[in-house]
Amino acid sequence: MRPFLLYVGPFGALLLSLVVPVQAQVCGRGALGLEAGQVRPLPPNFGIQGTIVAPDGRVALWSAGGELLQSVAGDSIVSTQFSERMVIAGLAFGPTSGSWRVADAWTGRELLFDRDGNREGERPLALAQGQLLEQAIWREEGWLLASRDAATRRFVVVRETARGAVPLFHGETADSFAAIARYHMTALPAQLLLTEVRAPFRVIRVALATGQADTLLTPPLPIPHDSLYLWRALPALALDCGTLLAVASLAGDQRLLVRWDATDRVVKVTALAVPFGLVARVPGEQSLLAARRTGGLELVTYHWHWTPDSLASHPPDTRSSR
Amino acid sequence: MIRTMFRTALLALTLIALAPPAAQAQGLAALAVATSTSGGGESSALREKAGCWDCVTAGQVYNCMGGQVPGYWNCSVTLYGCNRSSSGCGHSASIPVDIDGAAQYVSRNVIRLQESSEEPGEPGEERNCDGVIVARQQSPDNIAAVRNRTAALSL
């Protein structure tokens, strides 16, 4: 056996040197294949307000009403309800096993709960007066806080650090508070993706260290102009190479999935006519979570792979800096 | 006597001008619905409905009109312009509302089905006045089709 390995070794190395570059070329530029795996039914009228996925695969979803769903042992979903009145803008697995850290938009405070739901601590979040918290994502040091600022009429994102709040992003000044453009946040290891909820559905990438931003321009989508107001973007997801965005019609089952490759070029826009949407990426895996309605609501785990696709088109560069 | 009649007439005119023009507004709503449905090619999802009010500007003129999309407010016209008065029939749709799986994911508010429109959509579905699906029933065939179409995707 050993002589055989020694004999094959150099050829194997040669083979690897050929295969790896091919994979690198395919990654993000070939077709992205998604295969449905585990399906977990959710309560029929559960409204997914937010989702977190731990590195170990644990999933927690919450609704606007404060209902919390957790995946337990990978399969079943357990429902719990926070007893306190709060508006969950962000949720994080707590500092101790079973505990929770909540960014409450109602009070503008961080609340800590033990595994039994008893509050064991709180502190004010780094929000200025007149800022309405929209979404919060926990990082090691503190929260990333996205809010609408009544004073400046802008969407702002700040990062809590040991030195205080660091501004990361602010949107354009709107005519009124209600007209402030809103964004979904998706946290990456060193960046933040901001997805504009309404048209033109821009995806803005912000470096967490510097606040430097660039925009993945969304191409013109095949949506009739008079129904554009009924379409919403879901949070963009970062793949191993490339970015994926789902845009959904609130008036029906029409969905558009936009994919950028690793060089930020739009590779493909796929139209679907199913009640389906992307929810979150599973950290460290080639898989993501999606929601679909098949009578009830289901959480589906998709595994992705790249395949060569000679038909993939590459429109002109759509990247810009801001 | 003449002065009293003049004052009464002036007061009446002022009251007419200041009063929320409910009857006029309803008429405008009917007009808006008639206009929007006359296109024929529009789907029911895009049909504007009576009761979706909001302030509309045409140059320097402000008016309170029905059939506005999004129509989150009720409103009234006074000498000083158009004023939003209260949440209208489309209020719940100001934040996307959809129990339709994926689109629901963008929901940022508590789902309030009771505020949905009474206007029927397709069988087994209910829409609010913006045309957003707020409730639906799927047939077994539709459920099977969703499972089939989403089992594997090539993007």
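How many bridges join strand β8 of chain A to β9(A)? In this predicted model, local features need pLDDT of at least 70 and side-chain atom pairs count only at pLDDT 80 or more, while totals for chains, interfaces and linings use all residues. Residues are numbered from 1 along each chain as its sequence is written, and chains are lettered from A and ligands numbered from 1 in the order in which they are written.

Five bridges link β8 (residues 109-113) to β9(A), and the two run antiparallel. Strands here are DSSP runs of E with at least two residues, helices are runs of H or I with at least four, and both are numbered from the N terminus; two strands pair if DSSP finds at least two bridges between them. Within β8, R109(A) faces P124(A) of β9(A). Both strands belong to an open antiparallel sheet of chain A, ordered β6-β7-β8-β9. β6 (88-93) and β9 (119-124) of chain A each have a single partner strand, so one side of each lacks a neighbour in the sheet. Overall, chain A holds one helix and 26 strands.

Turning to the interior, 41% of the 322 residues of chain A count as buried, that is, with 20 or more other C-beta atoms, placed from the backbone, within 10 Å of their own. The largest nonpolar core (buried Ala, Val, Leu, Ile, Met, Phe, Trp, Tyr and Cys residues joined through C-beta atoms within 7 Å) has 85 residues, and L145(A), L245(A), V247(A) and A290(A) have the most contacts inside it. Apart from this core lies another of five residues, including M65(B) and C75(B).

Notes: Buried ≥ 20, exposed ≤ 12 C-beta atoms within 10 Å, placed from the backbone.
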